[in-house]
Amino acid sequence: MLQFRFLVLLTQTNFCATLRSSSNLRSSASGLLPLPEYDQRPIHRARLRKPSQFVARRFDRARAEKMRRRPESSSVVAGPSRAEEPGAAAGEEVDGGLRAVAPRRSPFVWLTLFGAIMYCSWAVYRYQFESLPTPLTAEQAGKRGFSEVEAMKHVKALTDVGPHPVGSDALDDAIQYVLAASEKIKKIAHWEVDVEVDVFHAQSGTNRLVSGLFRGRTLVYSDLHHIVLKVSPKYVAEAGDGTILVSSHIDTVFSAEGAGDCSSCIAVMLELARAVSQWAHGFKSAVIFLFNTGEEEGLNGAHSFITQHPWSKSIHLAIDLEAMGIGGKSGIFQAGPNPWAIENFALAAKYPSGHVIAQDLFASGAIKSATDFQVYKEIAGLSGLDFAYTDNSAVYHTKNDKLELLKSGSLQHLGENMLAFLLQIASSPDLSGVQRTKDEGISASSSAIYYDILGMYMVLYHQGFANMLHNSVALQSLLIWSTSLLMGGYPAAVSLMLSCLSIILMWIFSLSFSLLSAFLLPLLSTSPVPYIANPWLVIGLFATPALLGALTGQHLGFLILQMYLSNEYSKRKQLSPLTQSTLIKLEAERWLYKAGSMQWLILLVIGNYYRIGSSYLALVWLVPPAFSYGFLEATLTPARFPKPLKLATLLFGLSVPIVVSAGVFIRLVGTIIGMVVRFDRNPGSTPEWMANVIIAVFIALVISLTMVYLLSYVHLSGAKKSIVLAALVLFGLSLTAVLSGIAPPFTEDTARAVNVVHVVDATISKQEQPDSYVSFFSTTPGKLTKEVEQIGGGFTCGRDKVVDLVTFSVKYGCWSYDNTEGGWSKTDIPTLLVINDGKGDKRITEVSLDTKSSTRWVLAVNTEYIEDFKLEENSEELIPLDDKSSVDGWHIIQFSGGKNSPTRFDMTLVWANSTQIAHDEGSQKNQQPLLKLRTDMDRLTPKAEKVLMTLPPWCSLFAKSTLPHTLAFLRDLPVEF
C-alpha cells in the first residue's frame with residue numbers, strides 16, 4: 001500500500017512541471033516566442049515586435065558553453081548570426097540567432113532499446129512463472145519440513161494405477177493407497193497431536209449450483225467414498241470449534257492418469273499432513289484434509305462432504321488445490337469473499353504467486369471451468385483460497401497429463417507455500433472471527449486486490465482502498481489535463497484530440513492486420529490452429545502483424561497531427577520553414593507519448609467504476625510513464641521549444657509496468673493457446689477461425705496498449721524500415737515453418753483432443769432397430785481428414801450427420817457403420833416408460849427410468865413443455881419440485897456414482913400448459929423430444945478398440961463431465977408419446 005501512496009505523491013509532483021510545459025503550444029498559436037523563466041523585467045510592446053533580437057541577446061551569454069554541446073541535445077539553441085557563421089552545416093537553419101537542428105534518433109539505438117525491452121519482458125516471465133525451488137529430500141526437509149521427493153512417491157503410486165474415474169476398480173485402488181498413507185501419518189504424528197482418519201461413504205445427494213459452468217443443471221450423485229484426515233492439538237479443547245479445510249480430489253477422468261489433475265495435489269496434501277502432524281501441538285485450530293472423489297463429474301465430492309459429514313459444520317476456512325495444466329507454479333486464482341486468508345498468505349508464503357486478473361477472468365465465464373471452491377463458497381458460504389497449476393494447459397484431461405511432464409520443483413513450490421500458510425493461520429486466534437458469508441455481511445469494498453511481483457512479494461490491498469487510490473489518480477490526471485488544455489487553449493485541445501485519434505488508429509490497424517492473419521491461417525494451413533505444439537509461433541503469426549498495424553496507425557496519426565501543427569506554427573512568421581518543420585515533429589512526438597497515458601486513464605476510470613480488480617494494470621501503466629515524463633521532460637529550461645524525448649524517460653517510465661505486468665500478459669497468451677485444444681465445445685458449431693480471432697484480438701490489444709509509449713519514439717528515427725522488414729521476415733519465417741511442417745500443429749506430448757464413442761441410437765425413430773455406429777470427433781478446431789486417413793475403418797466425415805449427445809451436439813465429425821454390432825446388446829439399452837398420464841387442471845405424467853448397468857447418465861428435460869419435475873429413487877426424493885433454471889430450453893440432470901449406485905428411478909413431470917399443447921397437437925413443434933437420455937459405459941467395443949489402436953500419436957482422448965465415455969446409448973421420449 002505504501003508503494004501506491006508513493007505513486008500518488010509522485011503524480012502530485014508532476015503537476016507544476018506539467019503546467020509549465022502546457023503553455024508551449026499556446027505560444028505557437030499566438031505567434032510569440034516563449035519568455036525566459038527568470039527575466040521579470042517589464043517588456044514593452046516595441047520589444048515584442050523583434051523577438052529574435054531578444055532571444056539572441058539572451059543566448060549570447062552562454063554561447064561558448066552551447067557551442068561545446070552536441071547539436072542533437074536541443075532542438076533550438078543559441079548561435080552566431082549567419083554573417084558570423086557562413087559555413088552552416090547542411091540540415092541546419094540559422095535565423096536571427098536561432099539554430100534549429102533537425103531531430104535525429106539513431107535507428108540502431110531504437111532497435112537495441114526494443115530488443116532490450118522484449119528481452120526484459122521475457123526474463124520477467126521466466127523468473128515470475130518458471131523459476132521453481134529445488135526439490136528437497138526427506139533428510140534435507142526434516143520431519144517438520146516439506147519434501148518434494150517424498151511427495152513424488154505418492155504421485156507415482158497414484159498414476160501407476162492408471163486413469164481412475166468414479167465407479168472404476170482403479171479408483172478403489174487409489175482410495176486404498178491414500179487411506180494407507182493417512183494411517184501411516186497417524187502413527188508417526190507428534191505425541192501431543194491427535195490425528196483422526198475417517199473413511200466417509202456419501203449417500204445419494206443433489207447438487208444444484210446457481211452460477212457458472214453448471215447453471216441450468218441438477219447434479220445427482222451416489223455411492224461416493226472419501227478419505228478425511230483431521231489433525232488437531234490434543235490439549236486445546238476449542239481447536240475443534242473452528243477448523244481449516246484443505247481439499248482436493250483423488251478421481252481422474254477416464255482419459256488421463258492425472259499426474260497433474262490432481263494426483264500432484266493429493267501428494268502435496270499427504271506430505272503437508274505429515275509435516276503438520278509434527279507442528280499441530282502448537283495450533284489453536286484443527287486442520288482437516290479432505291481427499292474426495294466425484295469432482296470430475298460435477299464437484300460432487302465437495303458437495304457430499306459439506307452437506308453430509310459432521311466435521312463440515314466446524315469449518316471456518318476452505319482451501320482448494322486444483323490443476324488446469326501440469327506443474328509449474330501453483331497460484332491463487334480465486335480468493336475471498338473474506339480477505340483474511342489472502343492477507344495471511346501474502347504474509348506467510350515463501351514464494352507467493354497469484355493474480356486477481358485470473359479471478360476476474362474466471363468469474364466472468366471466460367474460462368469455462370469449475371472447481372470445488374465454488375461449492376465451498378456458494379453452498380457452505382465459506383471464504384478461502386483456490387490454487388491451481390496452469391503450466392502446459394494443453395495437456396489438461398488428455399493422455400499427456402502424465403508423470404514424465406510434471407516439472408521438477410512444482411510440488412516443492414506449492415508445498416512450502418502451503419506449509420508456511422497453514423502454520424500461520426492455524427496458530428492465529430483470529431480464525432474464529434472468520435465467519436461464513438451467510439452469517440456475516442462481506443462488503444464489496446473489503447474484497448482483495450492482489451498480485452505478485454516476480455513471485456517474490458505479493459501486493460495486497462482492499463477494493464475500498466483501490467477505489468480511493470484510483471479516484472485520486474484519475475482526478476489528479478484530469479485536473480492536470482484540464483489545466484494544461486486551458487493554458488494551451490484551442491490548439492492544445494485539437495492536438496489532444498488528434499493524438500487520441502492516433503490511438504484509435506493504432507487499435508484499428510493493429511486489430512485489422514492481426515485479424516487478417518487469423519482469417520488466412522485456416523485457408524493456408526492443414527490445421528487452423530497450427531501453433532498449439534509451438535506457442536512461440538504466435539509471435540510471428542499474430543504479434544508481428546499487430547505490431548506493424550500499431551506502427552502504421554500511429555504513424556498515420558503522427559502525419560495528421562503534423563499537418564495540424566504545421567498550420568499552427570505557420571503563424572510564427574519569425575521562424576524559417578526548416579525550424580518550423582523541426583519543432584512540429586518534436587511537438588507531435590510528445591503528443592503521441594502523452595496520448596498513451598490518456599488511454600490508460602480511460603481504462604482506469606472504467607475499471608474503477610465497475611470495481612474490476614484488474615484495474616491495477618491501468619494504474620501501473622499510467623502513473624510511472626506520466627511521472628517519468630513530468631520529471632524528465634516538463635522541467636524548467638531556458639527555452640521552451642520542444643526537444644526530442646529522452647531515452648531515460650522511456651526507460652524509467654516502462655520499468656515498473658514491465659516488472660509488474662509483462663509476465664502476466666505472456667502467461668495469459670500461453671493459457672489461451674492451451675485452451676484452444678478444447679475450444680469447440682459443440683464440435684463443428686464454431687468457425688475454424690474463431691480461436692485465431694480470440695488470440696489475435698488479445699495480442700493486438702496488448703500490443704496497442706503497451707507499445708504506445710515505445711512506438712512514439714520511432715517516428716523521428718530511421719528505424720521504421722528496419723521494423724517493417726524485420727516484422728515481414730519474422731512473419732514469413734513463421735508461416736513457412738507452419739506450411740512446410742517444420743513446426744507441426746500437434747505432437748505426441750501436446751496432442752489434439754479427440755473422442756471415439758460407440759453410439760447406439762435407440763431413439764423413437766430407431767426403436768425397432770437401433771442405429772449402431774462409431775462417432776469420431778474433436779473439440780480442437782479443424783478437419784479430421786488427416787487423422788481418418790491414418791485410422792481407416794470406413795469413416796465418413798462431414799456435416800451431414802448431426803449427433804445429439806444430450807449435453808452437446810456434434811455438428812462436424814466422422815462416423816463409421818462397419819463392424820459395429822459387437823460389444824453391446826439390447827439389454828444395455830436404457831428405457832423410458834410412461835407409467836401414468838393424468839390430464840386435469842395440471843397435466844402430470846409419471847415416467848419410469850431404467851439405466852440398466854450404467855451409473856453415469858444425463859437426462860434433458862424440455863422446459864418449454866415441462867414446468868417442473870421431481871426425481872425419486874426407491875421412494876427417496878432426490879430432486880424435489882421447485883424452481884429450476886434452464887439453458888436453451890432444457891434442464892439437464894447429470895448423474896454419476898459408484899459401482900453400487902441405483903439404476904432405476906421414478907420421475908414426475910408437471911406440464912406447463914396442457915391446453916396449449918392440445919391445441920398444437922400434431923404440429924411439427926410437438927415432434928421434438930420431451931425427454932432425452934444418454935447412458936455411458938466405460939467399455940471398449942471391438943470397433944472402438946480398433947480405432948483407438950490406430951489413433952495417430954498426435955491425438956489423445958479427451959474427457960470432461962459432459963462428454964460420453966467410449967460407449968453411449970441414446971433414448972428419448974417424444975412430446976406425443
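The link between cysteine 262 and cysteine 265 is left-handed in this predicted model, with -40° about the S-S bond. The sulfur atoms of this disulfide lie 1.9 Å apart. Both cysteine 262 and cysteine 265 belong to helix α9, which spans residues 259-276. Within that helix they are three residues apart, or about one turn. Cysteine 262 and cysteine 265 are both buried.

A disulfide is also formed by cysteine 797 and cysteine 814, with an S to S distance of 1.9 Å. The torsion about this S-S bond is 100°, and the link of cysteine 797 and cysteine 814 is right-handed. Cysteine 797 is located in strand β17 (residues 796-798) and cysteine 814 in strand β20 (residues 813-816), so this pair ties together parts of the chain that are 17 residues apart in sequence. The two ends of the bond fall into separate accessibility classes: cysteine 797 has a relative accessible area of 29% and is therefore partly exposed, whereas cysteine 814, at 1%, is buried.

In total, two disulfides are counted. With the bonded cysteines numbered along the protein chain, the connectivity follows the pattern 1-2, 3-4.

Accessibility was also computed for cysteine 120 and cysteine 955. Cysteine 120 has a relative accessibility of 39% and is classed as partly exposed. Cysteine 955 has a relative accessibility of 2%, which lies under the 20% cut-off, and this residue is therefore classed as buried.

Note on methods:
Residues numbered from 1 in each chain as written. Predicted model: local features only at pLDDT ≥ 70, side-chain atom pairs only at ≥ 80, totals over all residues. Heavy atoms only, no water. Disulfide = S-S within 2.5 Å. Helix = DSSP H or I, 4+ residues; strand = E, 2+ residues; numbered from the N terminus. Buried < 20%, exposed > 50% of the residue type's maximum accessible area, 1.4 Å probe, protein only.
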